[in-house]
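Got a minute to look over a fold together? Here is a short, informal walk through one protein chain, meant to be read with the viewer open.

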Amino acid sequence: MEVCMKSYSTKDIRNVGIVGHGGTGKTQLVSSLLYTAGMTPRWGKVAEGSTTTDWDEEEIQRKISIQTGLAYAEWPCTLCEGSNVKINFLDLPGYSTFITETKASLVAADAALIAVDAHVGSQVTTEKVWDYCTEYDIPRAFVLTWMDRELSSFERSMESLESVFGRNVVALQLPIGTEKGFRGVIDLVAMKAHMYKPDGDGKPSIEEIPAALADEAKAAHEKLVEMVAEGDDELMEEFFREGTIPIEDLIPGVRKAIVAEKIFPVLMVSALRNVGTASLLTFIADVLPHPDEHSQVGFKEPKGQGDRIERKYDDTQPLSIFVFKTLADPFAGRINYFKVKSGVLKNDATLLNYNRTLPERFQHTQVVQGKQLTEIQELHAGDIGAIAKLKETTTGETLGDKTSSIYYPPAQLPEPSITFAIEPKTRADEDKIGVGIHKIMEEDPALRFFPRSANKRIPARRLRPAAHRSRRSQAAQALSRRPHPQAAESPLSRNHSRPRRRRRQAQKTVRGTRPVRRLPH
């Protein structure tokens, strides 16, 4: 189904990175959110290989995310007079092998949802992506996934998150039902119950809180109010004066505290049963910041060098875009994912690549829904799009108006920790390998390639980093020059070695058959 997209202003855009440990259900979550928002006619499942953002053959076969997946949804914002906002989802890998892809693409997000397995709690990659969010200074919220599975526990997950990330982790929802009986959530801001029909369309019915959960919900609401009031002097005075904060003041107070990273809310879903998805979409639209609320830094020289340049996410600013991801498509060629940092990008515009000092024509500007690209007439500041068949532009480069140059720093990725050698069998294979490696390096900026002259005599199966090779060769040379202690002590060792060699040679047969064993008389 092709959805005709209109252009959205900066304040009506939400760029959200979906991050977390591998196996926490990030791709399934995005698929359920898109289905609930009506962006896909079919509810995609990871097990069936039908999700929107995992479209590559390797991802479908392995059932994990290997590269950045983009998708978008439209959802009404209750704080924006009911108008729709555009939510750009960045579905990012969680397994450690591909975690550099996550850091490289998270630079385009203005907020992050950290998926946490409700059965396990915080894991290694949970802490790692938290550090990435801290480095990029973006607000974040936790989403407890797999709430419908056996042994999933909201209480145990909250204890795990609070012990790792501190007391500012606070619940924004409470579950209704446990494990297979999970059927809804309690909104601790509005103090209402959102009841879902499992395996339904993801749209809840708003009801009163069940009596059995009323006391627990009241205690959790009071804790949330206290945490919000701590970061705002006016709300603190109102809290001490009234003993609580009315909902008309609490909703903007919660949003302000989350955007300022004073609190880190916890929500929950069952992506496989489509429970809690509409509530999560409303949270994203109402609470998470638009691009203009996320500061950005530009420089006069590449790689973060030179003087800083102030450039806001504003349509009136000079046009500038930043390329955060490159794909090597076998049919469309090179596809660049980019974020409009300032100004308005119109279709068929010609921009200057500041890093290479050459012009690039944006003939068919597009928005991305998984592997489907849809042409759009213009993109406003803060929005995310794609362009195919640019001449030279790759990941980490900045383009824009030739009269107002600026350089946005790319993600700082760690250096590779392991080295391999590839040896072609024929000259034709060498040419093919060169083309293939070039395409792979365009997609993954963390890779490094050294030509054959740098490691010409090193066998592929024993290739080691240069520092290890030098130490190993020095030790081998020192040992070869040193006389063997047994050779110095025993002058007969050389005489005894020769007959043994002759005996081994005598045992060899003409055709390599085994020597005949003589039986004793």
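What follows covers confidence, then the sheet, then a buried serine, and last the hollow spaces.

**How far to trust it**

Keep in mind that this is a predicted model. The average pLDDT for the protein is 87, and 86% of the residues reach at least 70. Two stretches are another story. Residues 457-476 have a pLDDT below 50, and beyond near neighbours in sequence that stretch makes 12 contacts in the model. Residues 482-517 also stay under 50, with 4 contacts beyond four places in sequence. Where pLDDT is low, the predicted coordinates should not be read in detail.

**The sheet**

Now find the open sheet: 7 strands with mixed pairing, in the order S2-S3-S1-S4-S5-S11-S6. Its edges are strand S2 (69-76) and strand S6 (169-171), each of which pairs on one side only. On average, neighbouring strands in this sheet are turned by 30° against each other, ignoring direction.

Strand S3 is a good place to zoom in, and the table shows how it pairs with two other strands of the sheet.

| Strand paired with S3 | Sense | Bridges |
|---|---|---|
| S1 (residues 13-20) | parallel | 6 bridges |
| S2 | antiparallel | 8 bridges |

On the S1 side, Ile18 has Asp91 of S3 as its bridge partner, and Gly17 stands opposite Leu90 in S3. On the S2 side, Tyr72 faces Asn88 of S3 as its opposite residue.

How many residues of S3 are buried? The count is 7 of 8, so the strand is largely enclosed by the rest of the structure. Helix H1 (residues 26-36) lies across S1, S2, S3, strand S4 (111-117) and strand S5 (140-145), and runs at about 160° to S3.

**A serine tucked away**

Next, look for Ser105, which sits in helix H3 (residues 99-106). Is Ser105 buried or exposed? Its relative accessible area is 0%, and buried means under 20%, so Ser105 counts as buried. Setting aside neighbours within four places in sequence, Ser105 is in contact with Thr68, Leu90, Leu92, Phe324 and Lys325. Leu90 has come up already, as the S3 residue opposite Gly17.

**Cavities and a pocket**

The model has 3 cavities of 30 Å³ or more. The largest cavity has a volume of about 60 Å³. Which residues line the largest cavity? They are Leu70, Ala71, Tyr72, Asn88, Val367, Val368, Ile384 and Gly385. By element, S2, strand S19 (366-369) and strand S22 (384-388) each supply at least two lining residues, and S2 gives the most, with 3 residues. Tyr72 and Asn88 are both in that lining, and they are also the pair that stand opposite each other between the strands described above.

There is also an open space to click on. The second largest pocket has a volume of about 760 Å³. Its lining takes in 29 residues, and those nearest its centre are Thr394, Thr395, Gly396, Pro410 and Pro445. The elements that give two or more residues to this lining are strand S14 (320-329) and helix H10 (427-443).

Terms used:
Residues are numbered from 1 along each chain as its sequence is written. This is a predicted model: local features need pLDDT of at least 70, side-chain atom pairs count only at pLDDT 80 or more; totals for chains, interfaces and linings use all residues. Side-chain values use heavy atoms; hydrogens and water are left out. pLDDT is the predictor's confidence in each residue, from 0 to 100. Contact means heavy atoms within 4.5 Å. Two strands pair if DSSP finds at least two bridges between them. Helices (H or I, at least four residues) and strands (E, at least two) are DSSP runs, numbered from the N terminus. Axes are lines fitted to C-alpha atoms, for helices over the stretch in contact, and angles run from 0 to 180 degrees between N-to-C directions. Buried means under 20% relative accessible area, exposed over 50%, partly exposed in between (1.4 Å probe, protein chains only). On a 1 Å grid over the protein atoms alone, a cavity is a set of points where a 1.4 Å probe fits but cannot get out, and a pocket is an open set with protein on both sides within 12 Å along at least five of seven lines; lining residues have an atom within 4 Å of a point. Grid points are joined across faces, edges and corners, and a volume is the space filled by probe spheres set on the points.
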